[in-house]
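Here are some notes for a colleague who is opening this structure for the first time. They are set out as numbered points, to be read with the sequence and the coordinates at hand.

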Amino acid sequence: MEIKVLILGDGVGGLVTANLLAKRARHQGVRLRVQIIGDSPMHTYQPGLLFIPFQKKGYRTLDDIQKETARFIMPGVEYLAHRVIAIDTVSRSVKTEQGLFRFDWLVLALGSRTLVDEIEGLREHWGTRVHGFYTPDSALRLARALADFDGGDLVVDIAEMPIKCPVAPLEFALLVHEYLIRRGIRNRSRVTVVTPLSGAFTKPICNEMLSGLLKEKGIQVVPNAPLASVSDKVITCPDGNSVPYDPLVTIPPHEGSGLIEDAGLGDGLGFGITDKRTLKSRVAEHVYLVGDNTNV
């Protein structure tokens with residue numbers, strides 16, 4: 001009997017899961033039908049977004065970090081470029097704009113998204129005074145903003161947790177430090193990391209080490225400071241404290257998938273309620289989750 005595995009999401013999590021399952025089934029002689037559904041025909045190598053702003057060799061245009069998704073699909077995997085409309089875990093089916101697909105097992109790899117509109121004033125200044133690097137377009141605009149920067153207060157702000165790749169903002173701050181040294185303007189620049197965490201990072205040992213590293217580089221950390229609002233010159237925290245910037249690089253709030261929430265699998269923010277040891281859904285049978293759409 002053929003087993004049907006349906007994977008939603010054509011990012012790294014979905015692609016790797018699909019390819020590994022197909023390979024394992026082929027080697028073990030298992031009759032497995034693996035289908036992956038996604039709506040991103042161009043695959044973005046997300047770690048490359050961290051380097052695009054600094055125009056490092058091999059990371060200067062989106063062509064450097066984007067390839068056709070179909071190129072990453074192994075034999076034995078059926079790729080469907082569809083937009084998913086709904087998930088029904090009771091009938092074990094997924095509805096897309098093109099039709100209905102049934103499954104024996106479902107893997108959700110729908111990722112997460114940034115929400116610029118969730119912070120007062122952020123949308124108004126986004127792309128002009130305020131930038132990011134978690135999306136391709138924002139990373140390119142940030143490259144131009146950094147090239148124009150000639151000293152002042154460069155603030156790296158984490159609006160709230162959780163975010164995907166929590167260490168990326170600190171990596172960015174350290175890359176900024178190196179970048180400003182190369183340009184000869186580090187001595188007239190202040191680099192500050194503003195975070196809702198109690199320190200530079202989450203875990204105690206990592207926090208101690210990374211806080212020390214940032215201090216060594218002359219990078220200030222402002223802890224316990226979630227983002228409440230943004231004006232053209234300062235960011236403000238819920239307690240009323242403010243930090244001046246010129247420019248601001250922020251990581252907006254993150255949310256999981258509305259499809260997960262609508263299917264009753266989420267935690268209220270679109271992140272699937274997931275067993276961290278097995279990656280199985282805690283609220284539905286025959287459903288697993290990988291990557292940034294879990295609540296792990």
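**Notes on backbone, cysteines and pockets**

1. A good place to begin is proline 162, which is found in the loop between strand S12 (152–158) and helix H4 (168–183). The model is a predicted one, and in it the peptide bond that joins methionine 161 to proline 162 is cis, with omega at about 5°. Proline 162 should be kept in mind for a later point as well, since it is among the residues that lie nearest the centre of the second largest pocket.

2. A cis peptide bond also joins aspartate 246 and proline 247, and here omega is about 5°. Proline 247 has its place in the loop between strand S17 (242–244) and strand S18 (248–251). These bonds deserve a look because most peptide bonds are trans.

3. The backbone at glutamine 55 also calls for attention, as its phi is near 50°, a positive value in a residue other than glycine. Glutamine 55 sits in the loop between strand S3 (42–44) and strand S4 (66–68), and with a relative accessible area of 32% it is partly exposed. As background, most residues other than glycine have a negative phi.

4. Histidine 286 is another residue other than glycine with a positive phi, in this case near 65°. The loop that holds histidine 286 runs between helix H6 (258–262) and strand S20 (287–289).

5. Is serine 138 buried or exposed? Its relative accessible area is 2%, and because buried means under 20%, serine 138 counts as buried. Serine 138 belongs to helix H3, which spans residues 136–148, and, when its neighbours within four places in sequence are left aside, serine 138 is in contact with Trp126, Gly132 and Phe133.

6. How many disulfides does a search of the whole structure find? The search finds 0. For cysteine 165 the reason can be given, because the closest cysteine sulfur, in cysteine 206, is 13 Å from its own sulfur, which is too far for a bond. Cysteine 206 is likewise in no disulfide, the nearest cysteine sulfur being that of cysteine 165, 13 Å away. As for accessibility, cysteine 165 counts as partly exposed at 41%, and cysteine 206 is partly exposed with a relative accessible area of 33%.

7. The largest pocket holds about 1300 Å³ of space. Its lining is made up of 42 residues, and those nearest the centre of the pocket are Gln46, Leu110, Gly111, Ser112 and Lys164. Several elements take part, for helix H1 (12–28), S3, strand S10 (113–114), H4 and H6 each supply at least two residues of this lining. By residue class, the lining of the largest pocket divides into 17 nonpolar, 18 polar and 7 charged residues.

8. In the second largest pocket there is about 330 Å³ of space. The lining here consists of 15 residues, of which Pro162, Ile163, Thr294, Asn295 and Val296 lie nearest the centre. The lining of the second largest pocket divides into 6 nonpolar, 6 polar and 3 charged residues. This point leads back to the opening one, since Pro162 is the proline that a cis peptide bond joins to methionine 161.

Notes:
Residues are numbered from 1 along each chain as its sequence is written. This is a predicted model: local features need pLDDT of at least 70, side-chain atom pairs count only at pLDDT 80 or more; totals for chains, interfaces and linings use all residues. Side-chain values use heavy atoms; hydrogens and water are left out. Helices (H or I, at least four residues) and strands (E, at least two) are DSSP runs, numbered from the N terminus. Buried means under 20% relative accessible area, exposed over 50%, partly exposed in between (1.4 Å probe, protein chains only). Contact means heavy atoms within 4.5 Å. A disulfide is a pair of cysteine sulfur atoms within 2.5 Å. On a 1 Å grid over the protein atoms alone, a cavity is a set of points where a 1.4 Å probe fits but cannot get out, and a pocket is an open set with protein on both sides within 12 Å along at least five of seven lines; lining residues have an atom within 4 Å of a point. Grid points are joined across faces, edges and corners, and a volume is the space filled by probe spheres set on the points. Ala, Val, Leu, Ile, Met, Phe, Trp, Tyr, Cys and Pro count as nonpolar, Asp, Glu, Lys and Arg as charged, and the others, Gly among them, as polar.
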